[in-house]
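Trainee: Could we go through this model together? I would like to see how each label follows from its definition.

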Amino acid sequence: MCKNISFFIVKCYNLNMVIDVENIYSKSFDELVTFFEGIGEKKFKATQVFDWLYVKRVKTFDEMSNIKKNIIDELKKKFVIGDIKLDSVERDVEVNKYLFTLADGNHIESVLMRHDYGTSICISSQVGCNMGCHFCESGRLKKVRNLTTGEMIEQILKVEEDIKMRITHVVIMGIGEPFDNFDNFKRFVEIVNYQKGINIGSRHITVSTSGLIPKIREFASFPYQVNLAISLHAPNDEIRNKLMPINKVYPLEDLMKEIKNYIKTTNRRVTFEYILLDGINDSEECAQELCDLVKGINCYINLIPYNETNNLGYKRSKKDTISKFYDIIKKRKINVTIRREFGTNISAACGQLRSKKEDI
Ligand code: SAH
Ligand code: SF4
């Protein structure tokens, strides 16, 4: 019995250690300053640590050679440098797909895309997603938990390490609804944008949301010029309700009002994402209705050929239907593009690799 109790205490102690230690990549610069002030050290130490983490990219505290041993010990007590592991990479000419294992065994994915203007990474913001869009693998798998800021940051660092070059653009369009993990998303942007952090300009960062109105409002007063994309996918409530349950909470009329308000406040253009689904939202009437909906809004429409998944019944629209849809919008003088396809061969759409890995 005694033996069992002591085992239990040791286990709890270990558990405490695990719980108390935080991924240092979750800390913004200001938070690290506060940490150093809290242990009676100068805030300049935060600059040095950021330099080791994001410029020199060290993996252990012991490599931080200009920081005194007693401070290194304090850092070790409080933090770990990274806690996600690269599980596997699928490589294609223009795209790499990364699967990561988190400290608790969950899986997430990131996609790297090579463009003529640079490289972009699509990162995940949650394990699964509670929005339940019917066409989406991430929604099918439900939210297990939010990602920490560190887990989001590390997706960039690990991919940069793999490709041995710096990424120029970041999109938060992987697994999860970033506006349902707003605080961690905000801190993520702060670190990505920070000059002494990852140092990617905010205009090179894009966040995509299914339309959480209160968060769009909060985002409008965000101190960074991050691009906003809205997953629209339907020109009216009837179709959108069938595809995206969130529309029953925040219907199109309210959403469009909020977007207009966002544009007025920020003076920025928004992107509307519109997946074309065969026989569901790809008729000529839908195209006209979509134009009516966005008329007068400073926007462009990104038409997305659907990436079919094994588990959901939706089909991608035919090539000539996509062209017709595009032409109608173009004729109405609204900015429109058809998204270039990346990684259909390697399950690069939102959540597909994770669902394969976890066999769910
Ligand atoms: N939750 C956020 C961001 C992640 S989803 C959002 O919904 O905006 C990023 C984009 O991928 C969304 O526009 C989503 O609708 C789209 N998407 C999801 N599954 C897809 C698939 N199988 N093929 C193509 N696009 C998909
Ligand atoms: Fe979530 Fe976006 Fe997928 Fe909808 S499309 S289920 S909001 S990840």
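Trainee: What makes the pair formed by the side chain of S208 and ligand 1 a polar contact?

Mentor: A polar contact is a pair of N or O atoms within 3.5 Å; within protein, one must be able to donate a hydrogen and the other to accept it, and residues adjacent in sequence count only if both atoms are side-chain atoms. An N or O atom in the S208 side chain is 2.5 Å from an oxygen atom of ligand 1, so the pair meets the distance limit of 3.5 Å. Do keep in mind that this is a predicted model, where local features need pLDDT of at least 70 and side-chain atom pairs count only at pLDDT 80 or more, while totals for chains, interfaces and linings use all residues. Side-chain values use heavy atoms, without hydrogens and water; residues are numbered from 1 along each chain as its sequence is written, and chains are lettered from A and ligands numbered from 1 in the order in which they are written.

Trainee: Which backbone atoms lie at such distances from ligand 1?

Mentor: A backbone N or O atom of N307 lies 2.8 Å from a nitrogen atom of the ligand. For T209, a backbone N or O atom is 3.5 Å from an oxygen atom of ligand 1. The protein buries 94% of the 540 Å² that ligand 1 exposes when taken alone (Shrake-Rupley method, 1.4 Å probe).

Trainee: How do you know which residues surround ligand 1?

Mentor: A residue counts as near if one of its heavy atoms lies within 4 Å of the molecule. That gives 18 residues, with G176, S208, S231, H233 and N307 the closest. The shell divides into eight nonpolar, eight polar and two charged residues (Ala, Val, Leu, Ile, Met, Phe, Trp, Tyr, Cys and Pro are nonpolar; Asp, Glu, Lys and Arg charged; the others, Gly among them, polar).

Trainee: What is notable about phi of H233?

Mentor: Phi of H233 is positive, about 65 degrees, although the residue is not a glycine. H233 sits in the loop between β11 (227-231) and α9 (237-243) (DSSP runs: helices are H or I of at least four residues, strands E of at least two, numbered from the N terminus).

Trainee: Why are α6 and α7 called oblique?

Mentor: The axes of α6 (residues 149-163) and α7 (residues 182-193) come within 8 Å and cross at roughly 40 degrees. Angles under 35 degrees count as roughly parallel, over 145 as roughly antiparallel, 65 to 115 as roughly perpendicular and the rest as oblique. Therefore α6 and α7 are oblique to each other.

Methods:
Axes are lines fitted to C-alpha atoms, for helices over the stretch in contact, and angles run from 0 to 180 degrees between N-to-C directions.
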